[in-house]
Amino acid sequence: MTNYMDKKITGKVLEHEKLKLDSASLKKSLANRLVYSVGKDDITAKDRDWLHALTYMVRDRLIERWMETMRSYYVDNRKRVYYLSLEFLIGRTLSNSLLNMGFMDECLEALNELGLDYDLLSELENDAALGNGGLGRLAACFLDSMATLDIPGYGYGIRYEYGMFHQCIENGYQIEHPDNWLRYGNPWEFSRPEVLYPVKFYGRIVQYKDEMGITSHHWVDTEEIMAMAYDTPIPGFETETVNNMRLWSAKASRDFDLGYFNEGNYIKAVEDKNESENLSKVLYPDDTTEMGRELRLKQQYFFVCASLQDILYRFSKFHIGFKQLPDKVAIQLNDTHPSIAIPELMRVLVDIHKQDWDTAWDITLRTFAYTNHTLMPEALETWPIPVLEKVLPRHMEIIFEINRRFLEDVMHHYPGDTEKLKRMSLIGEEGGRHVRMAHLAIVGSHKVNGVAALHTKLMKETIFTDFSRFYPDRIINKTNGITPRRWLNHANPKLAKLICKHIGHGWVTNLDELKKLVPYAEKPDFVNQFQQVKHENKKRLAELIESRLQLKISPDSLFDVQIKRIHEYKRQLLNVLHIVTLYNRIRNNPDNNDIVPRTVIFSGKAAPGYVMAKLIIKLINDVANIVNNDPAIHDTLKVVFIPNFDVSTAEDIIPAADLSEQISTAGTEASGTGNMKMALNGALTIGTLDGANIEIMEEVGEENIFIFGLNTNETTELRNNQYNPDNYYQNNPELKQTLGMISSGFFSPDQSDRYKPIIDSLLDSGDQYLLLADYEAYIDCQRKVEELYLNPQDWYRRTVLNVANMGKFSSDRTIREYAEEIWGLSPAENLPT
């Protein structure tokens, strides 16, 4: 190992022939890879064999830059950032890698000369099922930006064998199936069987006095699972930097019990192996049972423990002791899922490396930073103390000690304020004693950030107001962003080409360059070209929908899009109420020429245990069934639910969107990034003053966005004044008719009371997310949308202005702010060029 590391430091590595990027060299590499890696020739090869050969050919050229990047980080001994996230929704890798590495055209030329269809091959690539929604997609955007900015960044997560689930719609209901995305292998990843770390669970703690008389703790009688690494290279755009995403897979500490095997009981012999390896099977196992909760906790600790061992191993190669750890290591916790890393690092430093508590705590505090992603108290992660004590007994002791010391500090600042102590404690008492993981993350991190200006403001003023006063400089804002490489250059090549033709391609790495498009909004020829690109994207999506769902929609209709995780606060249900209202208006006045043909497109998954969200999916599909088959409607209104929302599906939908639905109740959405993606691709936003919508409005101008509904102050005031949804119901005939149709079984004739839980949630249970309070404003705002859409030149002028003013929402800007204000990093110098 020492000899190899010496080679790394001095740069004396085995010489190899650098692979070329011209089409002739690519064809040769492709043929070699087909034969020597896939084991086929051009006579026997199927399309998927060609895809794998193509992937290996691209990966070979990626590896050269990857190795050089990793060596440079060792040579420069630079501080590195480690991004710990339970999700990395990276989507497909092939096209993104070719575009980032700059040889897409040469690759297309080589394939064309071989008679191969790139589009056909690339469609065969499975999306990596490593996430669910915005949290995972944000993490993927951040990895792309870190590589593009030459920042030494590593992603750490779990290599889920089946992801969350593959969503099918059967008779209108969501049905979950295993997402077997690895069935054909994953040629982008490198298995690292030599990178294997033990992870312990359960057991008990033995206290003893060491030779210095200091109390020490020994975690014994544990169960052990091994974490094995899989590496995926992450290329930056037009740079030689290629960073690493390392994912952990659970392996049994032993394959089978030989005793049981010899007795002929094979099932019992492999029982422990199967149970151990369940840890990395699926994302977010159902936690409605005690076993499910325990599995989810074990899953979180599993990847955190392995990641910290790996980080400390890398750090210890060149540093003695841990004093310099915060100067060379920055660990970002993406939400509370990895926050168990804080007591884990304390355990390693105190129990294993014999650091005193104060020194260990100082190191820990300066190493960690935490990103919060929710304002809703019920969504803040907590763990019952009995579960933590059982699964991670030493960590529970450490959390108690962190809490004791923290509350002593609070008492010194606020003597006698027992209510404040209760609010700030890491231990909650309501509903059974539990650990508040967000409190642990705040106390154990040197910086805590929200993900939009409003979100951060509300963090300070509501759920974390006590912490904001106690740590006045700790909570800061870092508005989310998206990578323009994936979400415009890759997802919308026609629009990217049009933009490059007029302002160059500098926007791909500096999104502020899009400002140069502002004058073009006043040029009818450009606006017409922009409109033509949008129409072509809509036509493509319409063809995909007809092919996949056997539903014909018109690309001339307004594409009204709401694509996101199905949740009550995101208010897909409010969208449905508008659909039913619009349906009634068309039926009542079929000859009205001012009605704009509209196609409403939904996509998104509901958590398997979230009954109400799954019922909303059923309602969408029931409404679609009636509306789409009503001859009185003709083609004026269509409703589509596209199953199994993932990155590739988003890339199909977003370039075609005309209207972006961002209609969450004000004060509930932390940021949102779908709003950024659709605005960047030429959709106008209809939304509330929530999350990043506010900042989008500030950038694009109030006249170029459709804002409606209550703001956060008004929602608070309404709730404080005992909001009564029945008042809105009784005083709005259209709303009353709409809810009456849903409750009476008009859309569910086979079961008239199917949607009683939904109606009850609105009228009898307080309408938690204020749909009825915002209904009239939403309907009126949708009418303004239609009025503008009837004037295509003005509509597309405003869409051009939206695209032109999206520079702020690049994840490159976000990552620069993290690097400068949280991580203490700067872009790498002296990387190979």
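A strand here is a DSSP run of E with at least two residues, numbered from the N terminus. With that in hand, let's work through some exercises on this predicted model.

**Exercise 1. Find the strand that holds Thr-371, and decide whether the residue is buried or exposed.**

Step 1: Thr-371 belongs to strand 11, which covers residues 368-371.

Step 2: Buried means under 20% relative accessible area. The value for Thr-371 is 0%, so the residue is buried.

Step 3: Now look at the surroundings. Setting aside neighbours within four places in sequence, Thr-371 is in contact with Gln-332, Leu-333, Asn-334, Asp-335, Asn-449, Val-451 and Tyr-818.

Step 4: One further pair is worth locating. Lys-478 lies 107 residues from Thr-371 along the chain, and their C-alpha atoms are 8.9 Å apart.

**Exercise 2. Work out which residues of strand 19 lie on each side, and how the strand pairs with strand 18.**

Step 1: Start from a general rule. Side chains in a regular strand alternate between the two faces of the sheet.

Step 2: Apply this to strand 19, residues 637-641. One side carries Leu-637, Val-639 and Phe-641, while Lys-638 and Val-640 are on the other.

Step 3: Check the cover. Five of the five residues in strand 19 are buried, and both faces are therefore covered.

Step 4: Turn to the pairing. Strand 18 (residues 598-603) runs parallel to strand 19, and five bridges join them. Lys-638 in strand 19 is the bridge partner of Thr-599.

**Exercise 3. Describe how strand 8 pairs with strands 5 and 9.**

Step 1: Strand 8 spans residues 223-235, and 11 of its 13 residues are buried.

Step 2: Strand 5 (residues 190-201) is antiparallel to strand 8, with nine bridges between them. Phe-190 sits opposite Asp-231 of strand 8.

Step 3: Strand 9 (residues 242-252) also pairs with strand 8 in the antiparallel sense, over 11 bridges. Here Ile-225 faces Ala-252 of strand 9.

Step 4: Follow the chain from strand 8 to strand 9. The two form a hairpin with six residues between them, and Glu-238 in the turn has a positive phi of about 50°.

**Exercise 4. Put the strands in the context of the whole protein, and judge its compactness.**

Step 1: Count the elements: the protein has 35 helices and 22 strands.

Step 2: Compare sizes. The radius of gyration is 28 Å, close to the 28 Å from the globule rule for 833 residues, so the protein is as compact as a globular protein of that length.

Step 3: Add the burial: 61% of the 833 residues count as buried.

Key
Residues numbered from 1 in each chain as written. Predicted model: local features only at pLDDT ≥ 70, side-chain atom pairs only at ≥ 80, totals over all residues. Heavy atoms only, no water. Helix = DSSP H or I, 4+ residues; strand = E, 2+ residues; numbered from the N terminus. Rg over C-alpha atoms; globule rule 2.2 N^0.38 Å. Buried < 20%, exposed > 50% of the residue type's maximum accessible area, 1.4 Å probe, protein only. Pairing = 2+ DSSP bridges. Contact = heavy atoms within 4.5 Å.
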